[in-house]
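Student: Please take one helix of this model and go through it closely, along with the strands beside it. After that, a word on the charged pairs elsewhere would help.

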Amino acid sequence: MNTDVSAVVERIYGDVLRRNRGETEFHQAVREVLDSLAIVLARHREFLEMKTVERICEPERQVIFRVPWQDDRGEVHIDRGFRVEFNSALGPYKGGLRFHPSVDLGIVKFLGFEQVFKNALTGMPIGGGKGGSDFDPKGRSDAEVMRFCQSFMTELYRHLGEYTDVPAGDIGVGAREIGYLFGQYKRITNRYESGVITGKGLGWGGALVRTEATGYGAAFFAEAMMEEAGESLDGKRVTVSGSGNVAVYGIEKVHQLGGTVVACSDSSGHVVDEKGIDLDVLKQVKEVERARIEAYADRVPSASFVEGGSIWDVPCDVAVPSATQNELDGAAAAVLARNGCRYVVEGANMPCTPDAVRVFREAGIAFAPGKAANAGGVATSALEMQQNASRDRWTFEHTEARLEEIMRGIHARCSATAEEYGSPGDLVLGANVAGFLDVAEAVHAHGLV
């Protein structure tokens, strides 16, 4: 690494810390990308001269607004809404909305920054953005969720459009919330603009495979990783944290590919089922009843529930963290390594801490970062936008084949880029550099805007 380039990288990171105080997740996401870029900047001095990295680290627009709404008892609540439109060099801003008490500006910026590179890796014409609110839909009635979503969209709609900004779902935002959001957008604008939001219901513009896409995509990526090493998921023992959309459909595809998922979790603890997670029971518990994961163990004799604790204590060949950011730390990574884990594939956004990633590298565990491995969701959202634009609807098989093609393409590109830049097998560097180059070249082409 050239000393002057290293100094520039540190200066950029120092500026990010100074200008975005207290936003630790955003700092972490920027640090991870910057650690991969010194070698790129040494080769492409024009990125230094035009301050390309600094421009990409600064969102194009940040919108913060209040969301007033009334619960079923008539009590008034004031939540906070966010939309960070991070980068539109490759296309309209694209990224989900997260409704969860932990949501603040730093979380949204970290997610939006990751989304820029993730979207670039898909090869689809979409920029990066993210949004959400500190509203908690858990335990709320359908009527309360509807009133909140309508209030949220009453402010947000003015910033959206199929050629401007296209949100989707994320944690706390599923088909119910997307329906209420789209209905309010349609009412306010008097336009049936299907392409303005993705994750829609199948009867009104949604795409087959969108529900399954992130989990399926992570499994496809894992399979591609393992094939490069002369292996496959067949016969492998797998743990998947979480039990939401990503986890459920990641489990489904892992089973279809021959692996056995022996554990999954939620915030209350985890279940271990040596026979393999029974997907029908899991879907009933989590998708229909919205119950705690303990209910799975109550119904399946071969399963046991562990309150609290760490799912990463369960021995596995492949770990797929699919719950939330920074859920897997260095200590948990060390346990995985001692128990013989050989592959870690991020199903969630940045679920592994920097310490965990270091442990994986030192232990020789193959690691797939979320911006590559969980890009299946946004890739299929872009396929939904294509179908909306052409007033078409593809079959499940056709859409799934496109998803697998995209995920295998992302893996191949990350692997080839890592090789080209002198770090064969380092998919973190490969993903960061490949995504950055796509965005940086478009930023230059558009001029200083």
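Tutor: What follows takes the helix, then a strand that helps to cover it, then the salt bridges.

The model is predicted, and the helix chosen here is H7, residues 175-189. H7 has 15 residues and reaches 21 Å from its first C-alpha to its last, close to the 21 Å expected at 1.5 Å a residue. Its buried residues are Glu177, Ile178, Leu181, Phe182, Gln184, Tyr185 and Thr189. They cover an arc of only 160 degrees around the axis, so they sit on the same side of H7. The spacing fits a general rule: an α-helix has 3.6 residues a turn, so residues three or four places apart point the same way. On the other side of H7, Ala175 and Arg187 are exposed. After the helix comes Asn190, with a positive phi near 60 degrees.

What lies over the buried residues of H7 includes strand E3, helix H6 (142-156) and strand E5. Strand E5, residues 165-169, is itself mostly covered, with 4 of its 5 residues buried. E5 runs parallel to E3 (residues 93-99), and 5 bridges join the two strands. Within this pairing, Lys94 stands opposite Val166 of E5.

Now the charged pairs. The structure holds 37 salt bridges. One of them joins the side chains of Arg237 and Glu274 at 2.8 Å, N to O. Arg237 lies in strand E6 (237-240), whereas Glu274 lies in the loop between strand E8 (269-273) and helix H10 (279-288), so this pair ties together parts that are 37 residues apart in sequence. Both ends are partly exposed: Arg237 has a relative accessible area of 24%, and Glu274 has 49%.

Lys236 and Glu231 also meet through their side chains in a salt bridge, at 3.3 Å, N to O. Lys236 counts as buried because its relative accessibility is 12%, under the 20% cut-off. Glu231, at 24%, is partly exposed.

In another salt bridge, the side chains of Glu75 and Arg73 meet at 3.0 Å, N to O. Glu75 is partly exposed at 40% relative accessibility, while Arg73 is exposed, with a relative accessible area of 69%. Finally, a network of salt bridges links Arg11, Asp15, Arg18 and Glu54.

Note on methods:
Residues are numbered from 1 along each chain as its sequence is written. This is a predicted model: local features need pLDDT of at least 70, side-chain atom pairs count only at pLDDT 80 or more; totals for chains, interfaces and linings use all residues. Side-chain values use heavy atoms; hydrogens and water are left out. A salt bridge is a side-chain nitrogen of Lys or Arg within 4 Å of a carboxyl oxygen of Asp or Glu. Buried means under 20% relative accessible area, exposed over 50%, partly exposed in between (1.4 Å probe, protein chains only). Two strands pair if DSSP finds at least two bridges between them. The expected span of a helix is 1.5 Å times one less than its number of residues. The arc is that of the directions from the helix axis to the C-beta atoms. Contact means heavy atoms within 4.5 Å.
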